[in-house]
Every structure is written in C-alpha cells, then in structure tokens.
Amino acid sequence: MSSQDKNANNAILSLLRMALFCTCPKCHQGKIFQDGFLKFDLKEKCDQCGLDLSRSDSADGPAVFLIFFLGFLLVPLALIVEVKFGWPVWVHVLVWGSFGLILTLGALKPIKSFVIALQYKYRKSDWDDNPPPRV
Ligand SMILES: [Zn+2]
C-alpha cells in the first residue's frame with residue numbers, strides 16, 4: 001500500500017470518526033450539537049476552537065440520505081418477513097415503524113456530522129470571510 005493510499009484511508013477514517021462522535025471538523029474535539037438526545041440543532045460555535053458552525057450548510061441532505069437508506073433496508077426486510085412468516089399488518093407497522101424510528105433518531109446526528117465534515121474538508125471557503133467567487 002502506497003503512502004498516498006494510507007493518507008486517503010486516514011482521511012476517510014478521520015471523517016468517519018468525526019461523524020460517529022459528532023465532533024468539530026476543525027479541531028476534532030468540540031461537540032457540534034446542542035446537548036440533548038432529541039436536539040438536532042447545531043451549536044453556534046465550537047466550544048474548543050470557536051469554529052462558526054452557523055456557516056455549515058447540510059440542508060436536507062442527511063434526512064434524504066436516511067430516507068433512501070432506510071427505505072432500501074426496511075422495505076425488502078418487511079417483504080421477506082411477510083412472505084416467510086405472514087405477520088399481521090399491525091405487527092409490521094409496530095416492528096418496522098419502531099425500527100425505522102430508532103434508526104433515524106440514532107443515525108441522523110452522525111450523518112449530519114459527516115456531511116458537515118465533508119463540507120469543511122472540500123469546501124472550506126464557506127468559512128472564509130472573503131470567499132472566492134463560485135464559477
Ligand atoms: Zn472545534
């Protein structure tokens with residue numbers, strides 16, 4: 001494995017670590033979300049380095065990604081379970097609804113952190129006071 005491959009792997013691992021622990025893309029230490037399990041709002045600034053988190057713009061990307069991912073995961077599972085076991089509809093609603101809700105609540109912050117880390121890595125000019133003009 002060349003050193004270029006190792007650097008690429010380290011960069012990917014660093015992004016995934018930031019996403020998993022929801023830490024600041026600049027200092028990798030400060031938490032970027034407000035305290036609370038069901039609070040998905042970002043802090044205004046990083047506690048550790050002062051990075052202005054209001055300039056991040058993940059928009060609806062993390063939610064759309066989750067909708068597609070969970071749709072592709074849960075719908076085939078529900079269909080397989082229906083064909084194999086023939087559960088009543090109310091059991092499907094209870095099981096897959098709960099499963100989807102838990103996965104959504106658990107994965108939304110890490111995915112949003114990942115999108116913000118990607119934005120910081122590949123579009124750092126969003127944090128410049130005088131960004132270059134976009135083409
Ligand atoms: Zn920071």
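A nonpolar core is a set of buried Ala, Val, Leu, Ile, Met, Phe, Trp, Tyr and Cys residues joined through C-beta atoms within 7 Å. Keep that handy for the exercises on this predicted model.

**Exercise 1. Work out which secondary structure elements the protein has, and in what pattern.**

Solution. Start by counting: there are three helices and zero strands. Now read along the sequence, and the pattern comes out as α-α-α.

**Exercise 2. Compare the protein's radius of gyration with that of a compact globule.**

Solution. First, get the yardstick: for 135 residues, a compact globule would come in near 14 Å. Next, look at the protein, which has 19 Å. Then check the box filled by the C-alpha atoms, roughly 60 × 40 × 30 Å along the principal axes. Last, look at burial: 13% of the 135 residues count as buried.

**Exercise 3. Find the largest nonpolar core and say which helices feed it.**

Solution. Step one is to list its 11 residues: M18, A19, C24, I32, C46, L51, L53, F114, I116, A117 and Y120. Step two is to match them to helices: α1 (3–21) and α3 (89–122) supply at least two residues each. The largest share is from α3, with four residues. In soluble globular proteins, nonpolar side chains tend to be buried together.

**Exercise 4. Pick out the contacts of I116, skipping its neighbours within four places in sequence.**

Solution. I116 belongs to the largest nonpolar core. With those neighbours set aside, I116 touches P25, I32, S56 and S58, going by the contact cut-off of 7 Å between C-beta atoms. Of these partners, I32 is also listed in the core.

**Exercise 5. Say what share of the contacts is long-range in sequence.**

Solution. Take the contacts between residues at least 6 apart in sequence; 51% of them join residues at least 24 apart.

Conventions
Residues numbered from 1 in each chain as written. Predicted model: local features only at pLDDT ≥ 70, side-chain atom pairs only at ≥ 80, totals over all residues. Rg over C-alpha atoms; globule rule 2.2 N^0.38 Å. Buried ≥ 20, exposed ≤ 12 C-beta atoms within 10 Å, placed from the backbone. Contact = placed C-beta atoms within 7 Å.
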